[in-house]
Amino acid sequence: MSEIEERANITLVDFAYALEMAVAALLSYGAMTAGLTRLVDTPTDLLGGMWAAVAAVFVFRERELDSASAGLARLIATCVSFALCLPYLWFFPATPLGIAILLAIGTVVMVFLRRRGDIITTGITTVVVMVVAIMDPHDSWRQPLLRLLDTVVGIAIGVVCQRIGFHLLQRFIRARQASDPA
């Protein structure tokens, strides 16, 4: 089989995985946009939906243990970013220099926590929080809280959808194997 044929060999499991991830992202997006509508303006609830969908996709892995591990890593990275951005935004306005300072501190904290693999996620979260705070400086201290909420919702929905999908697919495969006369 050529490399091209091998790449084109998409299985039922691959389609199921794609569908499960799409459902998790959609549910996460919907949950946050509907939930935040009461609390914030439209651009902020759209950002919340996007951030929750990203968190769901981030934790969506093929194996349950990998999804749970990715969810924990995402949560730790977000919590470090939250712990840095919230006090910063209480006392200082969001600026590009502030972003750089928080990125450097976040990197050191993640190294100290022995989570080098999560430095990028911490950095991305910090940049998003701070840039949104620059774009909308009114009550900018709310941004870390909102992004933490978005992330927790996305992680939870992503992990639950992955588990449900995995178990449904396993049941389908077992039923199909039991019905095959071979």
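**Exercise 1.** In this predicted model, decide whether D150 and R147 are buried or exposed, and state how far apart their closest N and O atoms are.

*Solution.*
Step 1. Look at the surroundings of both residues: D150 is buried, and R147 is buried as well.
Step 2. Look at the pair itself. D150 and R147 form a salt bridge, and the closest N and O atoms lie 2.6 Å apart. The cut-off for a salt bridge is 4 Å.
Step 3. Place the pair in the chain. D150 and R147 both belong to helix α7 (residues 142-179), and because they are three residues apart there, about one helical turn separates them.
Step 4. Recall the general principle: side chains of opposite charge can pair when their charged atoms come close.

**Exercise 2.** Find how many salt bridges the whole structure has, and describe the one formed by R115.

*Solution.*
Step 1. A search of the whole structure gives two salt bridges.
Step 2. R115 pairs with D118, with 2.8 Å between the closest N and O atoms.
Step 3. Assign each partner to a class. Buried means under 20% relative accessible area, and partly exposed runs from there to 50%. R115 has a relative accessible area of 24%, so R115 is partly exposed. D118 has 10%, so D118 is buried.

**Exercise 3.** Classify A34 and T121 by accessibility, and locate each in its helix.

*Solution.*
Step 1. A34 sits in helix α2 (residues 12-36). Its relative accessibility is 45%, so A34 counts as partly exposed.
Step 2. Compare positions along the chain and in space: A34 and L102 are 68 residues apart in sequence, and 31 Å separates their C-alpha atoms.
Step 3. T121 sits in helix α6 (residues 119-135). With 11% relative accessibility, T121 counts as buried.
Step 4. List what T121 touches. Leaving out residues up to four places away in sequence, the partners are F58, R74 and A77.

**Exercise 4.** Describe how helix α4 (residues 64-91) and helix α5 (residues 96-112) cross, and sort the residues of their contact.

*Solution.*
Step 1. The axes of α4 and α5 come within 10 Å and cross at roughly 140 degrees.
Step 2. Angles over 145 degrees would count as roughly antiparallel. The angle here therefore makes α4 oblique to α5.
Step 3. The crossing of α4 past α5 is right-handed.
Step 4. On the α4 side the contact is made by I76, A77, V80, L84, C85 and Y88, and on the α5 side by G98, L102, I105, G106, V109 and M110.
Step 5. Sorted by type, the contact residues of α4 and α5 are ten nonpolar, two polar and no charged.

**Exercise 5.** Repeat the analysis for α6 and α7.

*Solution.*
Step 1. α6 and α7 pack with their axes 9 Å apart, at an angle of about 135 degrees.
Step 2. These two helices are therefore oblique to each other, and their crossing is right-handed.
Step 3. V128, V129, V132 and A133 of α6 meet Q143, P144 and R147 of α7.
Step 4. The contact of α6 with α7 has five nonpolar residues, one polar and one charged.

**Exercise 6.** Summarise the whole protein: how many helices and strands does it have, and what share of its residues is buried?

*Solution.*
Step 1. The protein has seven helices and zero strands.
Step 2. Of its 182 residues, 38% count as buried.
Step 3. The C-alpha atoms fill a box of roughly 70 × 40 × 30 Å along the principal axes.
Step 4. Among contacts with a separation of 6 or more, 75% join residues 24 or more positions apart.

Conventions. Residues numbered from 1 in each chain as written. Predicted model: local features only at pLDDT ≥ 70, side-chain atom pairs only at ≥ 80, totals over all residues. Heavy atoms only, no water. Salt bridge = Lys/Arg side-chain N within 4 Å of Asp/Glu carboxyl O. Buried < 20%, exposed > 50% of the residue type's maximum accessible area, 1.4 Å probe, protein only. Helix = DSSP H or I, 4+ residues; strand = E, 2+ residues; numbered from the N terminus. Contact = heavy atoms within 4.5 Å. Axes fitted to C-alpha atoms, helices over the stretch in contact; angles between N-to-C directions. Parallel < 35°, antiparallel > 145°, perpendicular 65-115°, else oblique. Left-handed = near helix turned anticlockwise from the far one by under 90°. Nonpolar A, V, L, I, M, F, W, Y, C, P; charged D, E, K, R; others polar.
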